[in-house]
Structures are given as C-alpha cells and as structure tokens.
Amino acid sequence: MDEDEQARARAKEQLEARRASAPGPAGPFLKEYSPNGAQPQVSARTALVRFYRNGGYSVVTVTGTRHVDKPVLARPHTVCEIALGTYQTPLEMELPAAGSTSFFEAEVDIHWTVEDPHLVAVQVVTDIAKRLTGPLFQGLREVTSTYQVHEAEQANRAITRECAAGRWGELGTELGLNVRLYVRLRVDDRAIEHMNGIRHAHASAEVTRVHQERFRSMLQGGELEQLSYMLAAEPTQAKDFLEKIRQEGRQDERDRVDRLFDMVESGQIQSNDVEAQALDRLNQGRLGEVHGPLGSIADRRSGAPKPHAGEPTPGDPPSVDPVLGDVHQTQDPSSRRRPSTRTVLGDVHQTQDPPSPGVDCVHDWTWEDQDAEGDEPAGEFTTDYPPPGWYTRDAGAGPSKTISDPPPILPLDEASQHPSGQDLRKLAPRLPVGSGFAPSTDGGSTEPRSLVAELPGQTSPGREVPLHVQIVRIHQGSSERGVPLRSFSLPRDGARVLVTIHAPGLVIIDELQQELDVVPGRDSDVLLFRLKAPMPGLHQVTVRAFRGGTFLGEVICQISVGHGSVTRDGPQRQAALPSMAFDPGEVTLQVLKDEAAGTFSFQLISETFYPPEIFRFRGGDPRQATEQIYAELRKAARDAATGGGDGNALRRRLRSHGSQLWTSAVPQAVQSQFWAEAEAEHVKAFTVLGEQDVIPWELLYPLNEDREERGFLAEWLPVVRRVFGQDRVRSISLPGAAFVVPPGSPTDTGEEVASLRARLGAEVADFGVLTERAALTDLIESGHAGLLHFACHNAFTGAGSCVTMADGPFDPIDLTPAARLRPLRHHHPLVFFNACRSAGEIDWFGESLGWAPQFLKAGAGAFVGTLWPVRSRSALQFAEAFYEQLITHRQTLGQASLVARQTIRDLHGGDPTWLAYAVYGSPAATAHTTA
C-alpha cells in the first residue's frame with residue numbers, strides 16, 4: 001500500500017469516527033413497521049407517517065394529526081418513524097483544482113432539517129451523506145476547478161460567497177429537507193510541500209535580485225560608488241585604504257599640472273587660452289611664473305615677430321573691473337591677452353592689446369574676417385548663463401514645482417550704453433542668420449519652439465518615474481531640441497499653455513494636467529509629472545499642449561516595465577509647435593479611452609480649463625447604436641431621392657436621435673460646462689479630439705431644461721474633428737487639383753468633376769483624372785501638393801473601406817507607407833472623399849484604420865468625408881458650396897463647412913446629407929492657391 005492509499009484510509013477512518021461521534025441519526029428515516037393496535041408514542045424529536053391501503057396518509061406530531069386524502073374509517077397498513085429537529089452530517093471529498101491534475105481536500109458539514117415528513121418517508125432517506133454526495137460534488141467542483149491548487153484560500157472564499165448567496169438553496173428539497181452547507185478546503189501534504197518549495201524558490205530569487213540590483217548600481221555608479229561599497233564591506237581597513245587613495249590623488253594632480261605647464265612652455269597651447277585661475281594654479285610652488293602668451297593669435301596669423309616678455313607696451317587702454325566697475329590700467333604690461341569682453345551680471349570688462357608691428361589694429365578685425373579665415377576670433381565673448389534646468393532632475397519635486405529658472409533677458413536697444421561709453425550691441429555676438437527670432441508687432445517675439453518630453457525608457461513594476469515636459473526655443477544648429485520650425489507670434493506678456501498627459505496602464509500620482517507659462521526670449525519652466533507602473537508591459541504616454549481651446553501639438557513617449565528592470569533614461573522626444581497662436585472661441589472636447597477600466601475621459605478645454613470627467617457608456621460599445629442610426633439615415637436619403645420622404649417628420653426624428661445622443665454620449669458635467677461657455681458667447685467653433693471617433697458628433701443636438709434650443713450643433717457652430725498624430729495645420733496648399741474617378745463610379749461623377757473645375761477657377765492647376773491605383777499611390781507618396789478629390793463609390797463593410805480602381809482595390813492599408821513616411825507633410829493638401837461612408841473606421845490591431853486617420857498621418861492638412869451613404873446630387877452641391885466658401889470667399893475650414901451644411905440643409909425634402917460630412921482639421925485653417 002503506497003502513501004496515497006494510506007492517507008485515504010486514514011481519512012476514511014477519521015470520517016467514520018466523526019460520523020460515529022456526531023449526535024443524531026445518519027438520516028431522517030428511522031424505521032418502518034406495521035401497526036399492531038398499540039399507538040406508538042410521538043415526541044418533539046419524532047413524527048409518524050401512516051399510509052392507508054386505498055390511498056391517503058396522515059402525519060402525526062406532538063402538535064396534532066394532519067390527514068391527507070384519508071379514506072373514512074380506513075386503518076393504516078404501514079407506519080414510518082421520521083426524525084425531527086436539526087442534525088449535522090459530516091462529509092469529506094476530493095474536489096479537482098484547475099487542470100484536474102491536483103485536488104483540494106474538502107470537509108463539508110451538512111446541517112439538515114426535515115421540512116416534509118411524508119416526502120422523507122416516500123424517498124426513504126436513511127443516509128444523508130449518500131444521498132447528497134453526488135449533487136454536492138457536482139456543484140462544488142464547478143467552483144474549485146477554476147482555481148489552482150495553491151489558491152485554496154481564494155477558492156474557499158468563493159464557495160463561502162456562493163453558500164451565502166443561496167446557490168445550493170434547493171439542495172435536498174426534493175427529499176423533503178432543508179439543507180445548509182459549511183465547506184472548508186485544504187490542500188494535501190504533497191501540495192503543501194510543493195508550495196513551500198515554490199516560496200523558498202521565490203525567496204531565493206528575491207535575495208538574488210536584491211544582490212543583483214546592489215551590484216549593478218555599484219558598477220553603474222562609477223568609481224565613487226565602487227569605492228564606497230568597498231569601504232562599507234571592509235570598514236576596519238578604511239583608514240589605510242583612504243590614505244593610499246589620497247597619495248595617488250596628489251601624485252595624479254602633480255602629473256596633470258606639470259603636463260599642462262609643459263604644454264604652455266612648449267607652445268602647444270597659448271597661455272591666453274587658459275583662464276587666470278588656471279595660471280594662478282600653475283604658478284603655485286614654482287620659481288618662475290608664467291605671464292602673457294608665447295605668441296598671440298594675431299602674431300600667428302601674420303607671422304610677425306613675438307615681442308619680448310619684459311618689453312613695456314605703453315598706451316594700454318583702461319579696463320572696467322567686472323565686479324566693481326572701476327577703471328584701472330593693466331598692471332602687467334607683459335601680459336598681452338586677446339581683446340576680451342566678459343559679461344558678468346550685466347557689467348562689461350574689456351582688455352585690449354595695442355597694435356603689434358606689422359599687424360592691423362585689432363579693432364579693424366571683423367566677424368567676416370573670422371568667417372573667411374576659419375580660425376578662432378581675436379575677441380572673446382562669454383555670458384554667464386546657467387546650464388538649462390532640463391539637466392537638473394529633482395524627482396521629489398511637487399507636481400508644479402519649477403525645476404529650471406532661466407536668467408532674465410537683458411534688452412539691447414540703441415539707448416543701451418555702458419558708463420564707459422561703449423555700445424553694448426557692438427560687444428554682443430550677432431544672431432545667426434535664419435535664427436527665427438524677430439520682434440512681433442505686439443511687443444512680443446516670433447521664434448520657433450517645440451514641445452519636449454523626457455521619460456525613462458524602462459523601469460520595474462511599482463517604481464515611481466518622472467516625466468519632464470518643457471516648451472523650448474529652437475536655436476540654429478541645435479540638434480538636441482529638433483530642427484528649426486516655422487515661426488510663431490508670442491505676446492509680450494507671454495501665454496499660458498495647458499499640458500495634459502494620457503497614460504493608460506500607468507498610475508498618475510499627481511494631476512493629469514498642469515499649466516505652463518511661455519514668455520518671449522526664454523525657454524519655459526520644466527513641469528514634473530510623477531508616474532508609477534503597476535503592471536509589466538510596454539506603456540505609451542501621450543503629452544498634449546493646448547492654448548485656450550486650441551490644440552497646439554503632442555508628443556508620444558514609451559516606457560518598458562518588467563520585473564527586475566533597472567530604471568534607465570529614455571530618448572528625449574520633441575514635437576514641433578509651428579504656432580502658439582490660439583483661435584478665440586475654439587472649444588475642444590478631448591475624449592480618451594481607458595482600455596483596462598472600460599471607461600472614457602471627457603474634458604472640455606477652452607480658455608477655461610475644466611477637469612476631466614470619467615464616463616462609462618451605459619449600453620457598452622456605442623458602435624451598435626451608431627449603426628442603427630446610420631441605417632435609418634441611409635433609408636431617409638433613399639426616400640429623399642425618390643421624393644417619398646417627409647422633411648418635417650425626418651427633422652423631428654433626427655432631433656430625437658441627436659438629443660438622445662447628447663444625453664447618452666456626453667457626461668452631464670460636460671453638458672453644463674458647454675452651456676456655460678455657449679451662453680457667455682465664448683464658443684465659435686467645436687473640435688472633437690479623441691479615441692471615440694465612431695460617435696456621429698455632427699448629429700449632437702444640445703437639449704437641456706432651461707436652455708435655449710438652437711438646433712443641431714453642426715448647424716450653428718463649425719464642428720470639426722482631430723485624430724491623434726495629426727499635425728496642426730493653419731494653411732492648406734491648393735495650387736492644383738487631382739480627381740480620382742475609377743471605372744464604375746456613379747454616372748454623374750463627370751458632371752461633378754466638370755462643375756468643380758469651373759468652381760475652382762483657373763488659378764488652381766488641373767492635374768487630371770486618376771483611374772489606376774498605381775498612379776494614385778505614386779502621386780501620394782511623391783508628396784502631392786493641392787486638392788485630392790475622390791468622386792467614386794466606397795464599399796464599407798466590417799472589413800473596412802475599399803475603392804475599386806482600374807488595376808485593383810485601393811483601401812486604407814495601402815496608405816500605411818505614406819503614413820509612416822509622411823510625404824504630404826511638406827504641402828499639407830486637402831483630401832475630399834466624396835464617396836459613401838468615407839469617414840468610417842474599423843479596429844485594426846487595436847488602432848482605428850480608415851481613410852481619415854491614414855491620410856492625416858501621411859501629412860494631409862484637412863480631410864472631408866461622409867459618415868453614411870449620401871445622394872450624388874446632394875454631395876455635389878455640398879462640395880460646390882464648400883469649395884466656393886473655402887477658395888473663392890477665403891473662409892476658414894470650419895466656416896466653409898458650416899455654410900455648406902446650411903446651404904443644402906433644406907434643398908431636398910429632409911435629405912440628411914448635410915449632416916453626413918465629417919471634417920478633420922483646424923477650424924481656423926485657410927486655403928491658398930500658391931505652391
């Protein structure tokens with residue numbers, strides 16, 4: 001007999017002992033006998049059930065006799081004695097764990113009471129354990145089979161919850177019993193031993209990891225860290241060890257000083273290239289002192305003889321002390337230094353050389369001479385400027401603590417004269433050509449800037465990491481902060497920018513948004529956001545900047561979180577901010593999705609920064625409701641085409657859909673914030689930026705009690721959309737137009753192309769009609785400049801959109817190379833997709849894939865498409881009205897779309913085409929017809 005069988009035998013013996021020691025019978029059916037004329041005695045603990053030959057029965061208890069269908073004067077032929085009261089029956093069983101390769105050992109106490117003595121007698125329930133083991137095992141295994149064997153505690157709690165909730169409340173009712181269960185789970189000895197081994201292994205691995213972290217930190221910390229580690233390991237030998245280090249350090253210092261002195265004496269470097277502090281250090285402890293150069297730069301250029309060190313040079317001009325401002329003569333006439341200008345806290349110190357024989361006066365040397373000669377300048381200009389705060393980390397700072405503090409800007413105007421009579425502008429270096437810095441008309445400045453974010457590239461779960469965000473100027477030739485960008489105008493008193501972060505899967509310790517002041521002539525302060533990663537994986541953090549309600553730009557960082565990972569710096573990320581200008585009256589609704597929690601964050605951003613509101617769609621995924629709305633709108637468009645539609649009825653129906661969409665898709669707090677802005681006349685345009693692009697925002701019908709009813713949002717405000725990764729474009733280039741009309745397009749597309757050519761006018765060049773996929777792809781990837789107008793059929797299914805060209809299908813995935821290379825970014829063209837449901841999207845590996853996001857990622861300045869199938873005639877009229885406003889009347893993108901909607905709204909008996917168009921871009925963007 002092996003150990004398992006012995007353990008089972010012992011468990012069986014213990015169970016039998018428990019049952020024997022348990023008070024009460026094994027079951028409620030005690031005995032059965034025939035009546036012998038003498039009435040047996042009943043008690044509070046027993047009941048009698050009498051059965052009659054011709055049917056019927058009687059139940060006799062201490063409280064009386066209950067007859068059921070008893071024949072008159074009938075005599076019983078069988079009497080059953082049934083136990084009353086509450087009894088306990090112990091039971092043990094093995095319940096399978098997950099995978100059914102290991103088991104939980106369960107101890108079950110069955111508390112039972114007889115509810116129906118007659119049913120107990122009929123079922124002859126003599127042994128509770130035998131009758132209930134089967135159904136009880138079936139019910140309990142459904143719970144335990146979902147837990148691993150080491151999760152006995154969790155499985156035990158789950159069974160307790162199920163018992164309390166009454167899951168097995170019906171157990172025993174078919175036997176006439178009321179049953180309550182009490183279950184305890186434990187694991188067998190082998191499982192316990194196995195788990196102990198796992199815990200020991202984890203403990204050993206943790207100790208190894210701690211040692212690994214300590215040694216890695218010591219090795220990465222450099223010599224100082226390694227030295228401190230060695231001293232801590234052997235503290236008794238620290239004194240001798242430190243003495244050896246001091247001796248070696250002193251010897252190294254002597255060697256370095258001697259080596260530098262030898263280089264000066266041999267002429268390899270000039271003494272004027274060494275600061276006064278270094279000269280003083282070199283002269284310490286030496287018999288002969290070093291004064292002046294062994295050959296000036298001007299001498300080296302012209303080949304003139306070097307003057308003797310002791311030769312006096314009269315006529316040295318006075319100089320100004322850099323600290324006290326006193327004028328004094330140079331004490332050492334042999335100290336011939338380059339003309340130098342040093343700015344220290346606004347004071348100027350200049351020391352000039354007299355002209356050398358055969359050499360032009362130093363004052364005649366210009367920056368052009370320097371550029372031509374390619375050598376270092378004869379003048380030296382230095383400005384005491386502290387290192388940028390970007391390199392000063394302070395993870396312990398609060399969420400809004402300033403980490404950097406750039407110095408004040410000292411204006412250099414024509415009246416800026418030093419007491420010595422010198423013009424400071426002549427002493428300052430000239431700004432490089434094309435630096436992008438120029439004064440603005442409002443007293444501010446125009447200079448390129450970028451949004452910069454820095455996040456560690458990796459860390460381990462549970463660790464806190466800093467995210468630094470700054471808006472910086474771009475200097476010519478600077479590779480660290482990106483390339484020179486388009487200039488922008490900044491008011492004299494600066495601008496306040498809202499910075500928000502979106503970090504799904506990470507814990508934001510402080511606020512999700514902070515404000516940043518940007519002033520002319522300096523980088524902004526550095527914002528600190530503190531993040532923590534609870535779970536391993538690759539996480540993405542998106543940083544966005546807003547001014548007022550206008551989106552300025554975004555930058556994306558990634559951090560890898562893994563067990564045992566060391567926190568390391570990640571690459572610096574930057575994004576161009578081509579313009580800091582904001583559009584007064586633009587309000588942005590930012591919608592972010594938390595995949596883990598299944599919630600959405602809605603934030604209304606205007607000149608007032610409202611906090612985000614967490615929202616969960618009550619109906620789950622809104623796609624199904626959206627598809628139902630689109631189906632009804634498709635039917636309305638067909639009815640309008642045949643003249644069978646009722647315009648007023650459709651308007652009322654659309655109003656119902658729009659108001660329900662306003663109620664279901666927009667949080668109540670955001671509704672109130674919107675009305676506060678609208679009633680104060682602060683809203684001139686409405687932009688939706690976010691991840692829930694499936695919602696037909698153009699159908700929103702704001703309707704609230706005690707608020708003025710103004711109609712659909714899209715008929716009294718410009719409504720535009722933005723997708724993540726889309727450039728902020730304020731100028732759309734339309735020097736020419738290309739038309740996409742593949743075979744099989746609607747019969748009236750020729751009329752549409754001819755009408756649009758006439759509408760665009762002669763100033764917009766005609767690039768022809770494209771019918772083949774290859775030609776269209778080449779045009780896009782070559783960086784098409786102008787309008788790209790699609791007049792065709794677009795098939796939209798669950799698999800996505802598709803246009804059938806002459807040489808094969810063309811779908812959004814064909815734009816992936818362009819979305820990666822961004823060839824359209826140079827000209828920012830307009831893409832007008834006048835086809836059925838061209839603004840629809842599908843989910844592709846967790847990302848939205850559709851015509852709009854693909855074209856915008858490729859660099860398009862704006863995109864116009866439809867949300868559902870539209871009538872060809874209505875589509876042509878919308879396009880004509882849109883182009884007329886955008887190009888002929890020079891209206892903005894948002895205003896052109898609003899006027900186009902209003903133009904065709906009432907033309908075709910309730911045709912909803914005017915609401916079908918989704919416009920992506922900046923509402924303030926304008927179009928120009930020059931390349």
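Colleague: Which hand, left-handed or right-handed, does the crossing of helix 3 and helix 4 have?

Modeller: In this predicted model, the crossing of helix 3 and helix 4 is right-handed.

Colleague: Why is helix 3 called oblique to helix 4?

Modeller: The axes of helix 3 (residues 128–144) and helix 4 (residues 152–164) come within 9 Å and cross at roughly 130°. Angles from 65 to 115 degrees would count as roughly perpendicular and those over 145 as roughly antiparallel, while the rest outside the named ranges count as oblique; therefore helix 3 is oblique to helix 4.

Colleague: What makes the contact between these two helices, and how do its residues divide by class?

Modeller: Helix 3 contributes Leu140, Val143 and Thr144, and helix 4 contributes Ala155, Ala158, Ile159 and Glu162. By class, the contact of helix 3 with helix 4 has five nonpolar residues, one polar and one charged. Thr144 is a residue of this contact, and it is the polar one because threonine is on neither the nonpolar nor the charged list, whereas Glu162 is the charged one because Glu is on the charged list.

Colleague: What makes strand 6 and strand 8 edge strands?

Modeller: Three strands form an open sheet in the order 6-7-8 with antiparallel pairing, and strand 6 (86–96) and strand 8 (177–187) each pair on one side only. From one strand to the next, the twist averages 20°.

Colleague: How do you know that strand 6 and strand 7 pair?

Modeller: Two strands pair if at least two bridges are found between them, and strand 6 and strand 7 (residues 103–114) share 11 bridges in the antiparallel sense. Leu91, for its part, stands opposite Val108 in strand 7.

Colleague: Which strands do helix 3 and helix 4 meet?

Modeller: Helix 3 packs on the sheet, where it touches strand 6, strand 7 and strand 8, and its direction makes about 45° with that of strand 6. Helix 4 lies across strand 7 and strand 8, and runs at about 170° to strand 8.

Colleague: Why is helix 6 called roughly antiparallel to helix 7?

Modeller: The axes of helix 6 (residues 222–233) and helix 7 (residues 238–265) come within 9 Å and cross at roughly 150°. Since angles over 145 degrees count as roughly antiparallel, helix 6 is therefore roughly antiparallel to helix 7.

Colleague: Which residues make that contact, and how do they divide by class?

Modeller: Leu227, Met230 and Leu231 of helix 6 meet Ala238, Phe241, Leu242 and Ile245 of helix 7. The residues of the contact of helix 6 with helix 7 divide into seven nonpolar, no polar and no charged.

Key. Residues are numbered from 1 along each chain as its sequence is written. This is a predicted model: local features need pLDDT of at least 70, side-chain atom pairs count only at pLDDT 80 or more; totals for chains, interfaces and linings use all residues. Side-chain values use heavy atoms; hydrogens and water are left out. Axes are lines fitted to C-alpha atoms, for helices over the stretch in contact, and angles run from 0 to 180 degrees between N-to-C directions. Helices (H or I, at least four residues) and strands (E, at least two) are DSSP runs, numbered from the N terminus. Angles under 35 degrees count as roughly parallel, over 145 as roughly antiparallel, 65 to 115 as roughly perpendicular and the rest as oblique. A crossing is left-handed if the near helix is turned anticlockwise from the far one by less than a right angle, and right-handed if clockwise. Contact means heavy atoms within 4.5 Å.
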